[in-house]
Amino acid sequence: MAYINRTDYCGNFNANDIGKQITVAGWVQRRRVLGGLIFIDLRDRTGILQLTFDEQLNKELFDIAYTLRSEDVITASGTVRSRGEGAINKNLPTGEIEVLADTLKVLGKAETPPFEIVENSNCNEELRLKHRYLDLRRPDLQKNILFRHKVTKVTRDYFDENGFIEIETPMLIRSTPEGARDYLVPSRIHKGGFYALPQSPQLYKQLSMVAGFDRYMQIARCFRDEDLRADRQPEFTQIDLEMSFVDVEDVLKIGEGYIQRVFKETLGVDIPLPLPRLTYKEAMERYGSDKPDTRYGMEIVNISDIVKDCGFSVFASTVANGGSVRGIVAKDAAGTLTRKEIDKLTEYVKGIGGKGLAWIRRTADGDTSSFAKFMSEDEMNAIYEKMNVEKGDVAMIIADTNNNHVLSQLGLLRIKTADRLQLKLEGFNLLWIVEFPFFDFDEDTQTYVAMHHPFTSPMDECLEYLETDKSKVRAKAYDLVLNGIELSSGSIRITDPELQNRMFRLLGLSEEEAHLKFGYLLDAFKYGAPPHGGMGIGLDRLVMQMLQCDSLRDVIAYPKVQNASELMTMCPAEVDPKQLEELHIQLLDN
């Protein structure tokens, strides 16, 4: 079959093209018959263009057009003309024009699709994912994928202009502990040996610094065998970077510049710099989260000093036993947060480990509270003043002898309350979270464990506390947060062999274990390692947030579902027993 070379994409034509002879190609969106005229809405990745077939001018062509159905693939030629004042479609970018067709070729016939190819489809998602190649024809998903392409182009341009070298790292690597399960790949040649798919290019990018490529960047595929959710996939894409001869400020500056550039060039949004910063401690005490959404208030307020000697024993005993009493205020929420709704929030708090929820509800009809009868008028007024509880507000308070529990529970309650109030959240609030704790206290084992990978550098002023007081050790680690979502995580790395061995000992790794897991990197550091640090920015999450999508699946061409399967190809799937035999694998009976 001889194909006709198209002039341009459907969505690129406008009134300036009136009178031109053009050729277009694409899919039939719909066909309308009005007497001796047939109108075909032709769709490609840029939009829709109306084709007109006139029975009086070309009966043979008209008859062919009459046979067309949705999703047939065609190419057509004709003359661009105005639709006329009364026929203009103001909802369509090409709505002023149409093409009076004089040539039509059917390139591929389509069966009736299992769902309509339309924007914002309300069709069952599983059915759409099973036929993802059809789902991806929908204009809204195509716009998402095209936008993602633009983001990746801006990414490469920005880092290239700033001296970064794009280096590809291996997909088949040695299994290394990075916090999640590895996807393992058995070796046919090396019996009993396994590769792992990389959770990140962490060690390879550090080796690239040792190799002298002082600015590395890669749009890297990463894999983690973990439970899924709306913002997590088993395979994901990371904008990975590493820099030599730098400290924290240098990495943050590069990261900020990238964010400003990508928002401006893709969305036309100006992101003012420098971005706000909060230490981990500040973020937890104000928002109860190390990835706070700062588009709304409800900041945590500590009222322990007011209630430490009050008549409400729950509050007083909590403070006496070293705990704290803190709360949040939902402004103008009394109309929505009724007693019934507050009871639901109380059950929510208990479900996340809280002992209960104390509350104050101030309305025009008076003030009600779950604990006011135990308090003096002066104490209640002091709480109103410190928490800024005004008429129409609802205050919610949690008390616990474990301060970390109070903060984390209030952080989750803050998010839950914002969701219940259906707050209209707009804009892009970015901020850095810095000075993370180096160690995290594990309450189950009553020991301190590493919060980051073992090559993260502690802050210089904290080195003296490594063996004596781990709670005081902070890391040269930083996260970039956008509207309550962690976009990026990074750190300055340890390159001093003596300090690195010290860290391994503190993390419970013997010299033999450390060398078995990381020996190649430790050996490399013996030959002159420059100080370096970097970060990884989640490309999928970034695009999802920029487009304000509900799920990563909306910005990934071929995503997995909740159980890590792909519905279109039905993977994972069983393989031929002969393949297992070649890999020296025998399946156990369930």
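## F159 and its neighbours

In this predicted model, F159 touches F164, M217, I239, L241, I254 and Y258. That list leaves out residues up to four places away in sequence.

F159 also belongs to a bigger picture. The largest nonpolar core has 42 residues. F159 is among those with the most contacts inside this core, along with V151, Y258, F263 and L430. Helix α6 spans residues 248-267 and supplies the largest share of the core, eight residues. In soluble globular proteins, nonpolar side chains tend to be buried together.

## A second core

There is another core, separate from the one above. This second core has 23 residues. Among them are I342, I398, L407 and L413.

## The five-stranded sheet

Now look at the strands. Five of them form an open sheet. Their order is β12-β13-β16-β14-β15, and the pairing is antiparallel. The edge strands are β12 (301-302) and β15 (366-369). Each edge strand pairs on one side only.

Take the β12 edge. Its partner, β13, covers residues 324-330. The two strands pair over two bridges, in the antiparallel sense. Here V301 stands opposite G327 in β13.

## Helices across the sheet

Two helices can be traced against these strands. Helix α9 (residues 313-320) lies across β13, β14 (358-363) and β16 (394-400). Helix α9 runs at about 45 degrees to β16.

Helix α11 (residues 377-387) lies across β12, β13, β14, β15 and β16. Its angle to β14 is about 85 degrees.

Terms used:
Residues numbered from 1 in each chain as written. Predicted model: local features only at pLDDT ≥ 70, side-chain atom pairs only at ≥ 80, totals over all residues. Heavy atoms only, no water. Core = buried A, V, L, I, M, F, W, Y, C linked by side-chain atoms within 4.5 Å. Buried < 20%, exposed > 50% of the residue type's maximum accessible area, 1.4 Å probe, protein only. Helix = DSSP H or I, 4+ residues; strand = E, 2+ residues; numbered from the N terminus. Contact = heavy atoms within 4.5 Å. Pairing = 2+ DSSP bridges. Axes fitted to C-alpha atoms, helices over the stretch in contact; angles between N-to-C directions.
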